[in-house]
Amino acid sequence: MVYGTWRMLDDAPTSQDINRRMNRCLELGITTIDTAEIYGGYAVEAALGEAMASSLDLRNNLKIITKSGIYVPNPKNPERTVGFYDASAVQLKKSVETSLKLLGREQIDLFLVHRPDWFTSVDDTAQGLNTLVQEGKIKRAGVSNYNPSQFHALNSRMDTPLLTNQVEFHLLNMDASVDGTFDLCQQMRMQPMAWSPLAGGKLFDRNHPAAVRLAQVASALAGKYGGATLEQLAYAWVMGHPSRPIPVIGTNKLERIESAVRASLITLEREDWYAMWVAAKGHSIP
Ligand code: NAP
């Protein structure tokens with residue numbers, strides 16, 4: 001599992017709080033964190049850098065994934081009148097150099113193009129990524145939210161193959177399992193990353209019919225899986241897909257990080273995986 005930091009500043013943590021959270025991740029065996037230039041209104045990378053500065057353990061042992069390429073109007077950039085993507089080589093270099101500075105690192109372990117940029121050629125993006133790898137500023141490159149043909153096109157220009165595609169995948173959005181994304185991952189023997197594995201919390205919304213059905217199935221399955229909760233079964237469901245998606249977990253609560261890690265021990269049986277599929281969809285398989 002990877003720990004995601006999109007919502008990290010939502011509960012206004014102090015640097016010590018962030019430090020504690022990251023250390024707890026390490027203790028639990030989560031050794032990679034996922035962040036992005038845009039997270040927290042372009043403020044999360046700096047907060048992470050500050051929290052890690054005081055801890056040799058975090059600096060030495062925590063691997064970092066960051067992403068760039070999304071630029072939206074925000075108080076720090078009042079000149080922006082419209083949101084846009086930029087995955088040009090020039091912008092990628094600028095973003096990675098800024099991320100390195102903010103995170104206090106010499107190398108990003110995995111750098112992802114956050115979203116496909118329709119206004120930049122794959123040659124331009126690939127040249128940027130290839131140069132960043134050659135210069136040692138990033139160890140590996142990957143993408144996020146790319147469809148299979150976008151992935152293929154960019155990958156065809158890479159000196160070192162793209163390492164992953166980080167996409168939305170959870171019980172309330174199974175697109176990646178039917179639109180070719182996960183088929184391509186299996187074909188290339190590449191492990192995808194699954195963002196919002198708990199549907200961003202919607203799995204617990206009692207007004208959401210699919211969430212209510214899933215809660216019922218989860219309580220029926222709990223006994224068989226050692227008292228597993230809905231969230232643990234939902235993580236196990238994501239990890240159960242044969243492309244072996246790596247969940248990027250987003251909770252800010254230590255006890256929920258601990259519970260998530262226990263989900264790694266659950267291997268759902270075929271009929272139970274499908275029972276959750278049916279509950280999520282609200283109809284039987286075709
Ligand atoms: P998530 O795990 O699906 O959702 C986390 C949300 O669910 C939090 O608000 C959390 O609240 C809530 N939650 C968790 N357990 C709960 C429970 N038992 N009951 C009620 N609420 C619960 O993940 P996410 O935050 O949407 O995304 C995870 C990570 O994926 C992000 O941090 C980011 O790194 C990555 N991501 C990537 C992209 C991309 O485009 N590449 C897009 C979105 C996200 P608490 O904090 O209170 O537990």
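Modeller: A residue counts as buried if 20 or more other C-beta atoms lie within 10 Å of its own, as exposed if 12 or fewer do, and as partly exposed in between. The model before us is predicted, and N145 may serve as a case to which these cut-offs apply.

Colleague: Is N145 buried, partly exposed or exposed?

Modeller: N145 has 19 C-beta neighbours inside 10 Å, so it counts as partly exposed. This residue belongs to the loop between β7 and α7 (148–155).

Colleague: What is the phi of N145?

Modeller: Most residues other than glycine have a negative phi. N145 is not a glycine, yet its phi is positive, at about 65°. A12, also not a glycine, has a positive phi near 45°. A12 sits in the loop between β1 (2–4) and α1 (15–27), and it counts as exposed because 6 C-beta neighbours lie inside 10 Å.

Colleague: What confidence does the prediction carry?

Modeller: Where pLDDT is low, the predicted coordinates should not be read in detail. Here the mean pLDDT of the protein is 97, and 100% of its residues reach 70 or more. Confidence is lowest in helix α4 (residues 56–61), with a mean of 93, and highest in strand β9 (residues 193–195), at 99.

Colleague: How should helix α5 be read, and which of its residues are buried?

Modeller: Helix α5 spans residues 89–103, and its 15 residues reach 21 Å from first C-alpha to last, close to the 21 Å expected. Its buried residues are L92, S95, V96, S99, L102 and L103. They lie on the same side of α5, because they cover an arc of only 130° around the axis. The face turned away from that buried side carries the exposed residues V90 and K101. Just after the helix, G104 adopts a positive phi of about 70°.

Colleague: What covers the buried residues of α5?

Modeller: The cover includes α3 (44–53), β3 (63–68), β6 (108–113), α6 (122–134) and β7 (138–144). As for α3, its axis and that of α5 come within 7 Å and cross at roughly 35°. E45, A46, L48 and G49 of α3 make the contact with S99, L102 and L103 of α5. By class, this contact has four nonpolar, two polar and one charged residues.

Colleague: Where does A43 lie?

Modeller: A43 is in the loop between α2 (39–42) and α3. With 15 other C-beta atoms within 10 Å, A43 is partly exposed. The C-alpha atoms of A43 and L102 are separated by 9.5 Å, although the two residues are 59 apart along the chain.

How values were computed
Residues are numbered from 1 along each chain as its sequence is written. This is a predicted model: local features need pLDDT of at least 70, side-chain atom pairs count only at pLDDT 80 or more; totals for chains, interfaces and linings use all residues. Helices (H or I, at least four residues) and strands (E, at least two) are DSSP runs, numbered from the N terminus. The expected span of a helix is 1.5 Å times one less than its number of residues. The arc is that of the directions from the helix axis to the C-beta atoms. Two residues are in contact if their C-beta atoms, placed from the backbone, lie within 7 Å. pLDDT is the predictor's confidence in each residue, from 0 to 100. Axes are lines fitted to C-alpha atoms, for helices over the stretch in contact, and angles run from 0 to 180 degrees between N-to-C directions. Ala, Val, Leu, Ile, Met, Phe, Trp, Tyr, Cys and Pro count as nonpolar, Asp, Glu, Lys and Arg as charged, and the others, Gly among them, as polar.
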